Each structure stands twice: as C-alpha cells, then as structure tokens.
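This note comments on a structure in numbered points, written for a reader at the start of their studies. Please keep the sequence and the structure open while reading.

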Amino acid sequence: MEQFTGKVWLLGDDIDTDIIIPTEYLALKTVKDMAPYGFSPLRPELAAKIRPGDIIVAGKNFGCGSSREQAPEVIKALGVRAVIARSYARIFFRNAINNGLLLIENDTLCNDVKEGDEITVNVGDSIEYKGKTYPISALPDNLLDILEAGGLVKAMQKLNGIIK
Amino acid sequence: MGSTLIEKIFAHNIGADSVKAGDIITVNVDRVMIHDIFIPFVKDKFEEMGFTKIWDPDKTVLIYDHLVPASQLDDPRHHHIGDEFCDKYGVKNVHRSDGICHQLMTEAGYVKPGDVAFGTDSHTVTYGCVGAFSTGIGYTEMASILGTGKLWVRVPETIRVNIEGELPEGVTSKDIILTIIGDLRADGATYKSLEFAGSTVDAMSVASRMTMSNMTVECGAKCGLFSPDEKTAQYCGLDGLDDFLTTLHGDEDANYAQVLNYRAEDFAPVMACPSQVDKIKPVSQVIAEAASLEEGSVVPGVGLIEGGSVRVDQVFIGSCTNGRLEDLQAAAAVLKGRQIAPFVKLIVTPASRKIYREALADGTLDILAEAGAMITTPGCGLCCGRTGGILTDNEVVVATNNRNFLGRMGTSKVNIYLASPITAARCALAGRIV
C-alpha cells in the first residue's frame, strides 16, 4: 500500500475556486504562472509557504464555485500531495481526478488536526494522526480507471493509440 | 416506480427504458459550449490527447464573453487561439461579441428541451430552464467530448422543489432561488438534480426560470430542471411539445431524495450577504442589523453604516442570472423619472446583444441612463471581476449576479450583496440598502 507523510495546511468550509485561483489570474499563460496567486484572497502568504509533499486539510464543500480546472492544477503545481476534506463540489472533484490530484474524503480530521502538524496517509485505507486512525472511503471503479491511467489525457491517448 | 425528470432525460438520451439514480452511464452529447477564458486549454488538451477532428463541429459552440471587450494584455490571445481553433476544426457556431454564453445557448436555439449539454462554465446549469440537462465541466473533459461525443455521468438523486401560489409584489424568482440556497446551504444539493414544479413556477416566464436554474450550482447541484411547457416551446421556437417532451416531468411516485414545499406568499426580498452565497437574509433583517451598529463605523463584512443602514457605493444589474429584458424593465420601473444617489455608480450590463437592442427599442435603456446608469456592452462584465467596476476595501456593491465570493469584484475586503434587480435598483436610488 502506498504511504506518505506530509505537513498540514488547514482551511475551513466552502473554499471556493475563486479563492483557490482568482479569475484575474486565469488568463496567465501557464498554471505555473498562476500558482503563486493560489489562495491569495483568503491567505496571500500561503502559496509561498506550501512545500512539495504538503497536504491540505479542509472542511465541507471544498472547490465549490466555478468550473476552472486551474483550481486543482494550481494545487498540484504548488506541490500539494493530497487534499483531505469533509466533502467536495462536483466539478472540482471531476477536474481533480482527471488531473490525477488525490482527493480524500474524511469527516472528522479537519476538526482534530492542527496546522503545521504532520499526518500519514495510507492510500485507499486510512489516515494516521497523533496515534488515531481515520478511515478513508474508496472511489468508484470508473474513477479509479482514470486515476490508474494517469489522468484523463493519458486515458484518451490510450484510446487514440498514442501510448499503450 | 415512476421516474424523476432527470432520469427521463438520461433514459431517452441513451435509448434505455429507464435509468435510476446512482447508475453510471455514458451519454451522447447533443451540444457543447466553450467560452473564451478556457479555449486555449481545451485546444491544448484536445491536441495532447491525439484527436485530429471534432466529433461533430456543428454541435460545438464557442462564445467570447468573459474577455470582451478585452481588458488585460493577455486577453486577446484567447480570441486568437479561439479563431485558430475554429478555422482548423471547422467550428462555425462562434459568437465574438453577442453576449453571455448562457444567455446565447438557449436564446440562439442551440439547446432544446430534453437535450444533454455540457459547457466549460459552472453556470451551464442555466439551460435546465427549458428542460435540458446541462452542467459545467473542466477543459480536459471538454476536450474528451470534442473527440468522442460522449461523457460518463452518474445519474443524480433528485430534490423536488414544489412552489405554489402567487408571489408578493416586488418579489422575484431571484428571491426564491436565494431563499432555497439559504435553506439547502452551499453544498445541500451537491451531486444532485433540483426539479422545480408548482403553480408559481408554471406562471413564471422562461427568463425567470433561467435565473433559478442558473443559481442551482450555488448549492452544489448538478442541474436545475423545469418541465418544458408551451412557453418553453415558444421560447425555443418549437412547434409545440412532441410526445417525448410532454413526458418530461417528475412522476409523483418517483424516488425523490428530498421534497421541499414552499408557499409563494411566504417569500420576501432577500440578499446573499458578504461573502457566502448561502448567507441569506431578508433585506429587512440586513437593515435592522445595520441599524443596531454604530453610525459612521466601518464594519468588516458589512460595510459603512450610514443613515441607519449600509451605504451602497455601486450597483450592478446584469449577468447570466439577471441581465434579461424583464430584469432591466423591473429596474427601470423602479428608477423611472428619478435619479440614483449622487455617489452611487450604477452599472447595467444586458446579457446579450438581442436583449440590449430590445431594451433600447422599448425605451428601457433610456430610462436607466436618464436615472444615472452606465450601460455597458453585453457580456460577463463585472460579474467575473475582470472589467469596469472593480471595487476596493470596505466598499459595498449590491449586485444581481450569482456569486459574492471573497475578492470576486475587486479586493478581498469588498462587500458584495446579491439581490434581485428590483432590490438592486431601490438600493441605487437610496444609496444604502433598502
């Protein structure tokens, strides 16, 4: 089982896509150009502090709002290893899976964890924090297929015979 | 067991006798909409996937609305890439300055009742107003549809919303949908279909229904559906409803996840207060709370307390939520022969060129201009915070669009209140929330 440990950045409920990446930066050429502005309306300092392998923990309805796929892409570009939230908005959820960003649903971790603490994720199984284990539910098969292909672009490349 | 409206649309689409909530199905896409802000990304992904032709260029619509007229140096690049994309792949349905995508998709006849449509914008849910399934997706999924003409969906559970009776004077479908979002909260309908029915809904214009479908995504919904009726047929240019379309209503014995019942008489003018779209309060409560705060103080998340209420610096009437002719007419009825408060900037943005011309022809725009409004070109305008009307710290805007997220119309300390065109126009006159 894949396992990783990372430092937590703690956010609240209803973190919308305008917070994750404001509209004014969406016409920048690449997601890398946008990444420094991630979360800027809520926490302007955050993007510069996030390090590869860090984990975002949040409350309910993470990623609500617009369809901008730059939202999961910016989070990925910042090096975030996974997002753990109580629930996700539907477009963000699909976009994240299609881009291979690991999303985990857990109802209680956000109430217990402190920002800056480390947590360990056992992918598809559980989260460990301060000796306590938090269960993770599994994804539907059709989504696992996309994740296993390495995202939707790769799945389509297979369809078109570009890659095996 | 009967079926919900969405179950009937999906079953028809895939040629099945029935489908049920929870099924994962692959739908045949009737229409797709791509807008200017994401076209470069759609093109990149489409080509990266290895596709060389669009499954059906005639079912593809490209609309420039977020970035017209261009306001930042990077914006025109999107239009050049869009034009290049259309030339290369034979897309002929292109609108470069005709209005907001969600207005045009039904207004120009691209989406009909019973259709299955996807768009690169979250407010694609708007087309539920004519009884079509439509929802927002990202640019990678859009690229995969352009190549295959198909997409997987999970058939959603349905929340049925029954509304019966006659709305009080000055109360609109905007007040209804804001109230429902306040009751369901911002995630209350996540992954679900909202199905509206009842005598209040039957009496509504398609434009008023559009306002409600448009905002269903603000409580997380995958779609917000109305049954097509004679008004829908007329709006869509259909010669009545055919056998399939007359079946498009939720059955009484369908399996509903939740049923909400409202009486139209109970609705009142409401606002979504800064900075959550589900922070809904009656306008009277917003005023009462402001009156209890210190006169002259600047209260974060509220604004400047002045004259016993909240001072209003700017009013925005427009957007795919409330930029239609009846919205502009409702505002004009409030403002006719009067002047807005001298310090208020009133921005009016018709949702489409067609609406702009209708409002010009019937004198609505003249009434608004005479009252002090700045009338802007059709498009997304201030709603997405990219063009004229950006605000700064502690300023207050009363706006008729669909989102009051932190920082959406300027700095993160701007206070955005969402309301109906009638409430917005009243606030423009008074210069405070009334």
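1. Buried area is the accessible area, taken with a 1.4 Å probe, that two parts lose on being put together, summed over both. With this term in hand, the interface between the two chains can be described; the reader should bear in mind that the model is a predicted one. Chain A and chain B bury about 3700 Å² between them, and carbon and sulfur atoms give 55% of that area. On the side of chain A, three residues supply more of the area buried against chain B than any other three: A:A27, A:R90 and A:R94, with 19%.

2. The contacts between the chains can also be counted by residue. Chain A contributes 44 residues, which are in contact with 43 residues of chain B. Between the two chains there are 4 salt bridges. A salt bridge links A:D18 to B:R408, and the closest N and O atoms of this pair are 3.2 Å apart. Polar contacts across this interface join 19 residue pairs, both residues being at pLDDT 80 or more.

3. Which elements of chain A give two or more residues to the side that touches chain B? They are α1 (17–20), α4 (70–77), α5 (90–98), α7 (141–149) and α8 (152–159). The largest share comes from α5(A), with 6 residues. Sorted by class, this side of chain A has 19 nonpolar, 13 polar and 12 charged residues.

4. Attention now turns to the inside of chain B. Chain B is divided into domain 1, residues 5–265, and domain 2, residues 270–430. The centres of these two domains of chain B, taken over C-alpha atoms, are separated by 26 Å. Between the domains, 37 residues of domain 1 are in contact with 33 residues of domain 2. The two domains of chain B bury about 2900 Å² between them, with 54% of it on carbon and sulfur atoms. In domain 1 of chain B, the residues that lose the most area to domain 2 are B:I100, B:K174 and B:L178, which together make up 19% of what that side buries.

5. The domain interface of chain B also has polar links. The count between domain 1 and domain 2 of chain B is 4 salt bridges. B:D98 forms a salt bridge with B:R353, where the closest N and O atoms are 3.1 Å apart. Across this interface, 26 residue pairs are in polar contact, both residues at pLDDT 80 or more. The elements that give two or more residues to the side of domain 1 that touches domain 2 are α4, α6 (173–184) and α8 (206–215) of chain B. The residues of that side divide into 12 nonpolar, 17 polar and 8 charged.

6. One residue of helix α4 of chain B deserves separate comment. B:Q103 lies in this helix, which covers residues 101–107. Is B:Q103 buried or exposed? B:Q103 counts as buried because its relative accessibility is 3%, and the limit for buried is under 20%. The side chain of B:Q103 makes a polar contact with the side chain of B:R324, at 2.8 Å. Leaving aside residues up to four places away in sequence, B:Q103 touches B:M210, B:Y235, B:R324, B:A351, B:S352 and B:I355.

7. Two further residues of chain B may be read side by side. B:M271 is placed in strand β12, residues 270–272, and counts as buried because its relative accessibility is 0%. Beyond residues up to four places away in sequence, B:M271 touches residues including B:V398, B:Y417, B:T423 and B:C427. B:D393, by contrast, lies in the loop between β19 (373–375) and β20 (396–399) of chain B, and counts as partly exposed at 37% relative accessibility. The side chain of B:D393 makes a polar contact of 2.7 Å with the side chain of B:T411. The C-alpha atoms of B:D393 and B:P300 are separated by 9.4 Å, although the two residues are 93 residues apart along the chain.

8. The last point concerns helix α16 of chain B, residues 421–430. Of its 10 residues 8 are buried, so this helix is largely enclosed by the rest of the structure. Among the buried residues of α16(B) are B:T423 and B:C427, and both of these touch B:M271. Just after α16(B), B:G431 takes a positive phi of about 75°.

Note on methods: Residues are numbered from 1 along each chain as its sequence is written. Chains are lettered from A and ligands numbered from 1 in the order in which they are written. This is a predicted model: local features need pLDDT of at least 70, side-chain atom pairs count only at pLDDT 80 or more; totals for chains, interfaces and linings use all residues. Side-chain values use heavy atoms; hydrogens and water are left out. Helices (H or I, at least four residues) and strands (E, at least two) are DSSP runs, numbered from the N terminus. Buried means under 20% relative accessible area, exposed over 50%, partly exposed in between (1.4 Å probe, protein chains only). A polar contact is a pair of N or O atoms within 3.5 Å; within protein, one must be able to donate a hydrogen and the other to accept it, and residues adjacent in sequence count only if both atoms are side-chain atoms. Contact means heavy atoms within 4.5 Å. A salt bridge is a side-chain nitrogen of Lys or Arg within 4 Å of a carboxyl oxygen of Asp or Glu. Ala, Val, Leu, Ile, Met, Phe, Trp, Tyr, Cys and Pro count as nonpolar, Asp, Glu, Lys and Arg as charged, and the others, Gly among them, as polar. Domain bounds come from an automatic or database domain assignment.
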